[in-house]
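Me: Hello! I am new to this one and would like to walk through it with you. Could you show it to me before we start?

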Amino acid sequence: MEENLNLFTSTQEVIKEALTKLGYENDLFELLKEPLRMLTVRIPVRMDDGTIRVFTGYRAQHNDAVGPTKGGVRFHPEVDEEEVKALSMWMSLKCGIVDLPYGGGKGGIICDPRTMSMSEIERLSRGYVRAISQIVGPTKDIPAPDVYTNSQIMAWMMDEYSRLREYDSPGFITGKPIALGGSQGREKATAQGVTICIEEAAKKKGIDIKGARVVIQGFGNAGSFLAKFMNDAGAKVVGISDAYGGLHDPNGLDIDYLLDRRDSFGTVTTLFENTISNHELLEINCDILVPAAVSNQITADNANNIKASIVVEAANGPTTLEATKILTDRGILLVPDVLASAGGVTVSYFEWVQNNQGYYWTEEEVNEKLRKKIVDSFNNVYQTAENRRINMRLAAYMVGARKMAEASRYRGWV
Ligand SMILES: NC(=O)C1=CN([C@@H]2O[C@H](COP(=O)(O)OP(=O)(O)OC[C@H]3O[C@@H](n4cnc5c(N)ncnc54)[C@H](O)[C@@H]3O)[C@@H](O)[C@H]2O)C=CC1
Ligand SMILES: O=C(O)CCC(=O)C(=O)O
């Protein structure tokens, strides 16, 4: 039988199983099986050569029973409607796992910013905000960065939204530059969260981070800061990659050099000749493997060849359900995306709180609060998995769905 690579239907499958295990009736699954709202927009952009290109964008709002929806915006040529829907559902689960007063949302635009000028990207970002402005806002739905979007893009989006509303609205979006109300620690937050999950998982597996061999797929916001944190902690980062290929050195790569040379899209391997493929990278001998790029990377085809004892999903959706089963059966500890990558949205929440109160915290305060959230969430999910004898993904979905389910019930929606 063909493996299911559809992120939306495979997410529905696990949500159904989690709700059943939590003892909920099918009406709740009917409510949560897809986003409450899905907006598709067409965004005309004048390109630098004078022509007009019309881009397709999406914003999905999965469930707002707990509070406003929250989640990043992705600029990538492979964005599609079903992926955005699944990403919004994962955001609901993430917010539930780290106990934030949010539901899940997510956005995306089909485009390749690597081939666009800065001013084209700015016009596209502003056009997207105008197109979705009716359904977003600081108390409705709060966007943030994701693949190929960054703090500069958040700044343009915030400026456009503030102009439309005619008042300054820093709480409309998170992941902003510090000068515009961004939070200390947000840029590194996703990698911080992943690092804390690695530390907790390593304790469970009796692995010492110092000297552990680490492979990271993706060298963007999540992957590159993670490489730095692992390197600083004394781990040996033996493999990294970007969209164009990977680098492997069993003696450990020079991470500071690579960080210095990477571009703003997380590309670095194009500077080297002896590269390996992303497929080969995942199968390198190592202790800890971190997919930190795109979805459907560990599948039934390669799950049996993974050498790591711990897989921590910094990316959204990097492992299929069949591969999850194979890895779990092989005794590999898989820390799922909805837990491992929740550091980003956690500090985004802190940023929104700071914007709302107009009072800003130090990086130490942010990091301390982040650590507590992620350690507690890891242990909650781990314990649920142990008690129920289920894998960490299903346990995470159970933990993540509970509050949203209760809130939907209290509101009388089901
Ligand atoms: N930035 C954030 O705060 C958060 C990001 N994530 C997830 O982490 C993952 C990476 O996101 P960011 O680091 O923010 O993005 P980024 O845009 O900063 O970096 C993306 C990296 O992935 C590489 N890449 C792109 N396409 C690839 C492909 N087909 N194969 C292999 N590598 C490829 C790029 O070359 C780059 O190194 C995504 O799945 C994202 O959804 C999850 C939670 C929060
Ligand atoms: O920071 C946020 O609000 C959302 C980050 C995000 O898109 C994600 O966790 O996938």
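Reply: Happy to. This is a predicted model. Let us start at the ligand: a polar side-chain atom of Asp 146 lies 2.7 Å from an oxygen atom of ligand 1.

Me: Which residue offers a polar backbone atom 2.7 Å from an oxygen atom of ligand 1?

Reply: Two side chains can be set aside here. Asp 146 uses a polar side-chain atom, and Asn 316 has a side-chain N or O atom 2.7 Å from a ligand oxygen. The backbone atom, also at 2.7 Å, belongs to Gly 266.

Me: How many residues are around ligand 1?

Reply: Asp 146, Tyr 148, Gly 266, Ala 293 and Asn 316 come nearest. They belong to a wider set around ligand 1, and its total is 25 residues.

Me: Where do the domain bounds fall, and how far apart are the centres of domain 1 and domain 2?

Reply: The domain assignment gives domain 1 as 34-169 and domain 2 as 189-340. Taken over C-alpha atoms, their centres are separated by 27 Å.

Me: Which three residues supply 45% of the area that domain 1 buries against domain 2?

Reply: The two domains bury about 1000 Å² between them, 62% of it on carbon and sulfur atoms. On the domain 1 side, no other three residues supply more than Trp 90, Lys 94 and Arg 114.

Me: Which helix gives the largest share of the side of domain 1 that touches domain 2?

Reply: That side divides into seven nonpolar, no polar and six charged residues. Six residues of it come from one helix, spanning residues 81-97: helix α3.

Note on methods. Residues numbered from 1 in each chain as written. Chains lettered and ligands numbered in written order. Predicted model: local features only at pLDDT ≥ 70, side-chain atom pairs only at ≥ 80, totals over all residues. Heavy atoms only, no water. Domains from an automatic or database assignment. Buried area = accessible area lost by both parts, 1.4 Å probe. Helix = DSSP H or I, 4+ residues; strand = E, 2+ residues; numbered from the N terminus. Nonpolar A, V, L, I, M, F, W, Y, C, P; charged D, E, K, R; others polar. Near = heavy atom within 4 Å. Polar contact = N/O pair within 3.5 Å; in protein donor to acceptor, adjacent residues only side chain to side chain.
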